[in-house]
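Dear colleague,

I am handing over a structure that you have not yet worked with, and I would be glad if you could look through it with the notes below. The notes follow directly after it.

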Number of protein chains: 2
Amino acid sequence: MKKKDSSPYHHGNLKDALVEEALKMVKTDGIQSITLRELTTKLGSSRSAIYRHFSSKDELIRAVIQAGFMQLDETISPFLISNDTVLARFRNMGEAYIAFALTNPNIYRMIFGNEVQTQREESCDIHNEENSGGFQHLVALLIEGQEKKIFKDDDPILQATYVWASIHGLSNLCIDGHIHVQDNIEALFELSFETIIKGMKF
Amino acid sequence: MKKKDSSPYHHGNLKDALVEEALKMVKTDGIQSITLRELTTKLGSSRSAIYRHFSSKDELIRAVIQAGFMQLDETISPFLISNDTVLARFRNMGEAYIAFALTNPNIYRMIFGNEVQTQREESCDIHNEENSGGFQHLVALLIEGQEKKIFKDDDPILQATYVWASIHGLSNLCIDGHIHVQDNIEALFELSFETIIKGMKF
DNA sequence: ACCTGAACACCGTTCAAGT
DNA sequence: ACCTGAACACCGTTCAAGT
């Protein structure tokens, strides 16, 4: 079990522990399940200690959102910079993306939901280089595809945004049950990827 | 101003009035702004009266979501069944859809958000014929396009789902500020529509 | 940089009693 | 089919006082 620190009045790294534990709670029970009372009880700290590190619950949630966003980013990035062909990398990324959303619906919902007003520009905007290497890698992949005459010569940033939006839309509709094609959900992905690639072809 | 009913103990149609007023609150201030206390105060009814019509706040919200979904549906449906060409109808629908989302971000977020667990199958599933004429019309449009050799011969329901997901993804990312291409947001839509249509071409 | 413990305003929900 | 009014448990947030 966890050992106490030298003093009962000091937690090892409360700020990170709060974010980590909150992300766990989101993952299993959704963002609505986070209450500061339960969160601090689980960590064995006091409620008011939170306000040493975050000015409000919303600010804490923003940190949790950012942590979740980085998990998604780390899941998809490797597929974009592998040694596979352009089209294989594209497809593998898409499958990994949707798999993440289906496996972690609560985290995905939190990231792209809007229960907390975030300054996306500064946290988990997909264009933010610091947090979204994935988007940058996607842009690079599309540029490579354009150079190899696989993809149409369009603005690669707009192209990447369109791709992201399409895959995001699929993920979003699937995990929130707006579509019920469960029997042939793979057929939906197959059709979607093919249509996207055909639409962007040189 | 509003006249009282014959008896102060009977509201004209409290159930509908609650949903209507709640939808207004969502539209201007977002779903988070709805509290039963404020809602009933605005209508001049008592708090407990709500429970004559809804078993909980969540059940009320579900009715509000459904009402919002029908507004979206009524906005886009006319464009799908107009006298224009297949491609014009397709494009006009897409533009109307995104325009609705940009004009009513709070309503759009509520519809496709997940702050309240809904049984989508019974309320605002896009496949639900009762509430989503738009989706049915989109399927019909795609079938017409296939017959006229404009679109590829794919399962029209999967095709329609892919189209919906793409436009939904664009709307969603735009209103939540995950993308900041505000300067050329029209260019993004232009590229998206062209890519989608090209991807589905015969 | 934490702790305890109390307090505050706000929330959804319930209930007893009236009309 | 409503009303009033009180109560309940829960919430985020603040604060005074300690270590």
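A term needed from the start is the polar contact, a pair of N or O atoms within 3.5 Å, where within protein one atom must be able to donate a hydrogen and the other to accept it, and where residues adjacent in sequence count only if both atoms are side-chain atoms. An example is Lys57(A), which has a polar side-chain atom 2.9 Å from a phosphate oxygen of DNA strand D.

Before going further, please keep in mind that this is a predicted model, in which local features need pLDDT of at least 70 and side-chain atom pairs count only at pLDDT 80 or more, while totals for chains, interfaces and linings use all residues. Residues are numbered from 1 along each chain as its sequence is written, chains are lettered from A and ligands numbered from 1 in the order in which they are written, and side-chain values use heavy atoms, with hydrogens and water left out.

The DNA strands

A residue is called near a strand if one of its heavy atoms lies within 4 Å of it. Around DNA strand D there are 22 such residues, and those that come nearest are Arg37(A), Tyr51(A), Ser46(B), Ala49(B) and His53(B). Of the atoms of DNA strand D that come within 4 Å of the protein, 62% belong to sugar and phosphate. Besides Lys57(A), the side chain of Tyr51(A) places an N or O atom 2.7 Å from a phosphate oxygen of DNA strand D, and the side chain of Ser46(B) has an N or O atom 2.7 Å from a phosphate oxygen of this strand. The surface near DNA strand D is made up of 8 nonpolar, 10 polar and 4 charged residues, where Ala, Val, Leu, Ile, Met, Phe, Trp, Tyr, Cys and Pro count as nonpolar, Asp, Glu, Lys and Arg as charged, and the others, Gly among them, as polar.

DNA strand C is surrounded by 22 residues, the closest being Ser46(A), Ala49(A), His53(A), Arg37(B) and Tyr51(B). Here sugar and phosphate account for 62% of the strand atoms that come within 4 Å of the protein. Ser46(A) has a polar side-chain atom 2.7 Å from a phosphate oxygen of DNA strand C, whereas the side chain of Ser48(A) has an N or O atom 3.4 Å from a base oxygen of that strand. From chain B, a polar backbone atom of Lys57(B) lies 2.9 Å from a phosphate oxygen of DNA strand C.

Chain A and its interface with chain B

Chain A has 8 helices and 0 strands, these being DSSP runs numbered from the N terminus, with helices (H or I) of at least four residues and strands (E) of at least two. Of its 202 residues, 52% count as buried, meaning under 20% relative accessible area, as against exposed at over 50% and partly exposed in between (1.4 Å probe, protein chains only).

In contact with one another, that is, with heavy atoms within 4.5 Å, are 47 residues of chain A and 47 residues of chain B. The two chains bury about 3,900 Å² between them, 62% of it on carbon and sulfur atoms, where buried area is the accessible area (1.4 Å probe) that two parts lose on being put together, summed over both. Leu158(A), Tyr162(A) and His178(A) supply 18% of the area that chain A buries against chain B, more than any other three residues.

Buried places in chain B

Helix α5 (residues 105-112) of chain B is mostly covered, with 6 of its 8 residues buried, among them Ile107(B), Tyr108(B) and Phe112(B). The cover over the buried residues of α5(B) includes α7 (156-175) of chain A, as well as α1 (14-29), α3 (57-80), α4 (86-103) and α7 (156-175) of chain B.

Ile50(B) lies in the loop between α2 (36-43) and α3 of chain B, and counts as buried because its relative accessibility is 0%. Leaving aside neighbours within four places in sequence, Ile50(B) is in contact with Leu18(B), Leu36(B) and Thr40(B).

Gln146(B), in helix α6 (residues 133-147) of chain B, is buried, with a relative accessible area of 10%. The side chain of Gln146(B) reaches the backbone oxygen of Lys152(B) at 3.2 Å, and a polar atom of that side chain lies 2.8 Å from the backbone oxygen of Asp154(B).

With kind regards
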